[in-house]
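Hi everyone, thanks for coming along. Let me put the structure up on the screen, and then we'll walk through it together.

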Amino acid sequence: MAFETINVEVDDHVALIKLDRPDAMNALSQQLVGELLQALEEADANEKVRCIVLAGSDKAFAAGADIKEMAKLGFVDVFNANLFAQVNDRIAAIRKPIIAAVAGYALGGGCELAMACDFIIAADTAKFGQPEINLGVIAGIGGTQRLARFVGKSKAMDMNLTGRLMPAEEAERSGLVSRVVPAKKLMEEAMGAAQKIAEKSQISVLAAKEAVNRSYETTLSEGLRFERSLFHSMFATEDQKEGMSAFLEKRQAQFRDK
Ligand code: CO8
């Protein structure tokens, strides 16, 4: 199916999904959210794809849910439609890594979407925020929960209560993003990181993602047990033999995802 609000390209084992509503700062309309979830699921199911990069434009990763669409809704509408309820679950079910490449505004649902990815690489122009408080509502898909885990209570409260924007440099310092690069280098950096991931054994990539994500869902002792079981299971793979032999033989590993 051709998409109208996003663009998808698959090249060299990386699926690049770009949000594309330039007239609305990539606001997350229902159509865009539906297309995005479908594209993520198709990339996850595509054997050629080993890593996914999610990006917006130079001006905006996404300026949040579409306020024009939401303004007319009442409680019964959003409750019955279970508005945005699927977003977290369907993104969490994607097994391949998703890198958010953020330039410009990542606000409200845009910031939450970036946080639902596995890590965020930001341009020095990026601005993160949970400004829902200015609209008489609160964050709806993780802005009070994930943000507090990533940047701590004080900054999460500050952002959710005042609606202030956090610049890229502060976001890196606070642990919200993994790297900040000059805006013109953003896509090169994100695609380079995706290529690096694509070269690894997919078995260990999926296991590492699952293990890190488990740390946000469970106690430390349960998480450590989960990690150890996965670590032990890696020794049943051919890629473990290949990776360790290649190191000892001082050559590049040729992983076969077996
Ligand atoms: N929804 C709809 N349209 C938007 C949105 C939005 N969130 N953001 C910007 N636009 C539109 C503007 O209305 C404008 O359209 P038009 O030209 O037709 O008037 C166009 O984009 C350009 O915007 P501005 O003229 O405002 O551009 P500026 O450079 O002056 O400002 C800002 C850019 C700072 C991004 C500003 O547009 C802004 O503050 N936008 C709203 C940010 C916001 O409040 N976001 C939170 C929305 S609520 C939310 O996200 C709840 C999350 C629920 C979960 C979502 C899951 C997917």
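Before we look at the ligand, one cut-off to keep in mind: a polar contact here is a pair of N or O atoms within 3.5 Å. And please remember throughout that this is a predicted model.

So, with that cut-off, let's start at the ligand. A backbone N or O atom of I67 lies 2.9 Å from a nitrogen atom of the ligand. A63 also uses its backbone here, with an N or O atom 2.9 Å from a ligand nitrogen. K68 takes part through its side chain, where an N or O atom is 3.5 Å from an oxygen atom of the ligand. As for how covered the ligand is, it exposes 1100 Å² when taken alone, and the protein buries 66% of that.

Now, who else is around it? The ligand is surrounded by 23 residues, and those that come nearest are A63, A65, I67, G109 and I141. What is the make-up of that shell by class? There are 15 nonpolar, 3 polar and 5 charged residues.

If you'd like to find the shell by element, look at α2, residues 67-70, β6, residues 105-107, and α5, residues 109-116, since each of them supplies at least two residues. Which one gives the most? That would be α2, with 3 residues.

Let me stay with α5 for a moment. Is this helix mostly covered or mostly open? Mostly covered: 8 of its 8 residues are buried. If you want to click through them, they are G109, G110, C111, E112, L113, A114, M115 and A116. You've met G109 already, as one of the residues that come nearest to the ligand.

From A114 we can hop over to L147, which sits in helix α6. The two are 33 residues apart along the chain, and their C-alpha atoms are separated by 11 Å. L147 has a relative accessible area of 0%, so it is buried.

Helix α6 brings us to the aromatic rings. The count comes to 3 aromatic pairs. One of them is F150 with Y216, an edge-to-face pair at 5.6 Å centre to centre, with 85 degrees between the planes. Why is this pair worth pointing out on the sequence? F150 lies in α6, residues 146-151, while Y216 is in the loop between α10 and α11, so the pair ties together parts that are 66 residues apart in sequence. Both partners are partly exposed: F150 has a relative accessible area of 22%, and Y216 has 37%.

Another pair is F231 with F235. Their ring centres are 5.2 Å apart and their planes are at 80 degrees, so this pair is edge-to-face. F235 counts as partly exposed, at 37% relative accessibility.

Rings also meet charges in this model. R214 lies over the face of F226, at 3.8 Å from the ring centre. Then there's K127, whose charged end sits over the ring of Y105, 5.1 Å from its centre.

Last stop: Q240, in helix α12, residues 238-248. Is Q240 buried or exposed? Its relative accessible area is 14%, so it is buried, since buried means under 20%. Along the sequence, Q240 is 227 residues from H13, and in space the two are 21 Å apart, C-alpha to C-alpha.

That's my tour, and I'm happy to go back to any part of it.

Conventions:
Residues numbered from 1 in each chain as written. Predicted model: local features only at pLDDT ≥ 70, side-chain atom pairs only at ≥ 80, totals over all residues. Heavy atoms only, no water. Near = heavy atom within 4 Å. Polar contact = N/O pair within 3.5 Å; in protein donor to acceptor, adjacent residues only side chain to side chain. Areas by Shrake-Rupley, 256 points an atom, 1.4 Å probe, with all protein chains shown as cover. Helix = DSSP H or I, 4+ residues; strand = E, 2+ residues; numbered from the N terminus. Nonpolar A, V, L, I, M, F, W, Y, C, P; charged D, E, K, R; others polar. Phe/Tyr/Trp six-rings, centres within 6.5 Å; stacked < 30°, edge-to-face > 60°. Buried < 20%, exposed > 50% of the residue type's maximum accessible area, 1.4 Å probe, protein only. Lys NZ or Arg CZ within 6 Å of the ring centre and 35° of its normal.
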